[in-house]
Amino acid sequence: MIAVKNISKAFGSLQVLDKISFDLKKGGIFAVLGPNGSGKTTFLKILLGMVLPDSGEIYYQDQPILQSHAYRKHIGYLPQIARFPDNLKVREIIHMIMDIREEPAHPEPLIELFKLDKFMDKKLGDLSGGTRQKVNIVLTFMFDTPVVVLDEPTAGLDPVSLIKLKDLLHQAKNQGKMILITSHIMSLVEELADEVIFLLEGKIYFQGTLSDLQSKTETRDLEHSIAAIL
Ligand code: ADP
């Protein structure tokens with residue numbers, strides 16, 4: 001579905017990504033892992049066409065993404081830091097994003113799922129971090145996109161909302177969507193990810209199933225496997 005070919009990106013003298021290549025299939029959950037500063041967010045932004053790589057190309061359904069008008073519309077994105085104005089009400093931001101994207105959207109079931117009804121007329125700046133994150137989840141999943149990209153989606157979520165998010169991710173996968181996620185919560189990665197892509201020092205240190213990663217490092221538990229690598 002998405003083919004990443006030889007992507008490189010440097011900020012000044014810092015080579016963040018160094019000729020990264022891999023393929024992402026349809027209908028799976030891929031977790032991008034790596035220590036802080038290993039380029040996970042930069043990689044996601046390049047994948048979304050928000051940051052240009054220095055070299056390399058990304059193909060979506062065999063078309064280079066920068067030439068594919070459909071591409072951005074096919075992606076739902078939950079950024080690590082969503083920069084919406086604090087004085088906008090929840091209802092306003094949902095309508096604003098619907099207007100910008102001009103696609104059918106179904107926010108209501110998600111508003112109900114995350115019990116956001118009572119917050120619809122509150123300003124974003126008056127919400128707790130967790131409630132803001134639930135709004136971000138609604139904004140990400142309200143369009144029926146075949147690709148969903150989530151950068152640390154669990155930030156600030158209470159345990160019940162975390163379970164709801166996991167259900168949403170399972171559902172999306174069962175519908176044949178491709179999900180790309182970064183997370184520091186290893187239990188979430190273990191529970192959800194079909195494959196992990198492990199970035200280290202600008203390269204892909206490992207791509208494969210968790211059990212392959214675990215057998216490679218000969219420890220049972222994912223967190224220990226990763227500690228062994230680092
Ligand atoms: P991660 O998500 O794995 O923590 P990032 O992709 O956010 O890593 O950042 C990788 C490295 O690139 C970090 O050292 C970060 O400081 C640097 N970096 C990211 N974006 C920029 C930018 N716009 N300008 C300069 N340096 C950046």
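Which residues does the UniProt annotation "domain: ABC transporter" cover? In the unreviewed entry, that annotation covers residues 2–226. UniProt positions are given here in the numbering used for this model, feature names are shortened, and annotations may be inferred rather than shown by experiment.

Two remarks on conventions, colleagues. Residues are numbered from 1 along each chain as its sequence is written. The model is a predicted one, in which local features need pLDDT of at least 70 and side-chain atom pairs count only at pLDDT 80 or more, while totals for chains, interfaces and linings use all residues.

I begin with the overall fold. The protein chain comes to 9 helices and 10 strands; helices (H or I, at least four residues) and strands (E, at least two) are DSSP runs, numbered from the N terminus. Within the annotated span, residues 2–226, helix accounts for 36% and strand for 27%, and the end C-alpha atoms lie 26 Å apart. Along its principal axes, the C-alpha trace of the protein chain spans about 50 × 40 × 35 Å. The radius of gyration of the chain is 18 Å, which agrees with the value near 17 Å for a compact globule of 230 residues. That radius is taken over C-alpha atoms, and the globule rule is 2.2 Å times the number of residues to the power 0.38.

As for packing, 35% of the 230 residues count as buried. A residue is buried if 20 or more other C-beta atoms lie within 10 Å of its own, exposed if 12 or fewer, and partly exposed in between, with C-beta atoms placed from the backbone. Of the contacts with a separation of 6 or more, 68% are accounted for by residues 24 or more positions apart; two residues are in contact if their C-beta atoms, placed from the backbone, lie within 7 Å.

In soluble globular proteins, nonpolar side chains tend to be buried together. Here the largest nonpolar core has 58 residues, and Phe30, Ala31, Val138, Val149 and Ile179 have the most contacts inside it. Such a core is a set of buried Ala, Val, Leu, Ile, Met, Phe, Trp, Tyr and Cys residues joined through C-beta atoms within 7 Å. Take Val138 as an example: leaving out residues up to four places away in sequence, Val138 touches Ile94, Pro107, Leu110, Ile111, Phe114 and Leu116.

Next, the ligand. Which residues are around it? They are Phe11, Leu14, Val16, Gly34, Asn36, Gly37, Ser38, Gly39, Lys40, Thr41 and Thr42, where a residue is near a molecule or strand if its C-beta atom, placed from the backbone, lies within 6 Å of it. Two or more residues of this shell are given by strand E2 (14–24) and by helix H1 (40–47). The largest share, 3 residues, comes from H1. By character, the shell divides into 3 nonpolar, 7 polar and 1 charged. In this scheme Ala, Val, Leu, Ile, Met, Phe, Trp, Tyr, Cys and Pro count as nonpolar, Asp, Glu, Lys and Arg as charged, and the others, Gly among them, as polar.

Helix H1 merits a further word. Why is H1 described as largely enclosed by the rest of the structure? Because 6 of its 8 residues are buried. These are Lys40, Phe43, Leu44, Lys45, Ile46 and Leu47. Just after H1, Gly49 takes a positive phi of about 80°.

That brings me to backbone angles. Most residues other than glycine have a negative phi, and most peptide bonds are trans. Asn6, although not a glycine, has a positive phi of about 55°. Asn6 lies in strand E1 (residues 2–11) and counts as partly exposed, with 13 C-beta neighbours inside 10 Å. Lys19, also not a glycine, has a positive phi of about 55°. Lys19 lies in strand E2 and is partly exposed, with 14 other C-beta atoms within 10 Å.

I close with Ile204, in strand E10 (residues 203–208). Is Ile204 buried or partly exposed? Ile204 is partly exposed, because 19 other C-beta atoms lie within 10 Å. Apart from its neighbours within four places in sequence, Ile204 is in contact with Ile20, Phe22, Ile197, Phe198 and Leu199. Between Ile204 and Leu113, 91 residues apart in sequence, the C-alpha to C-alpha distance is 37 Å.
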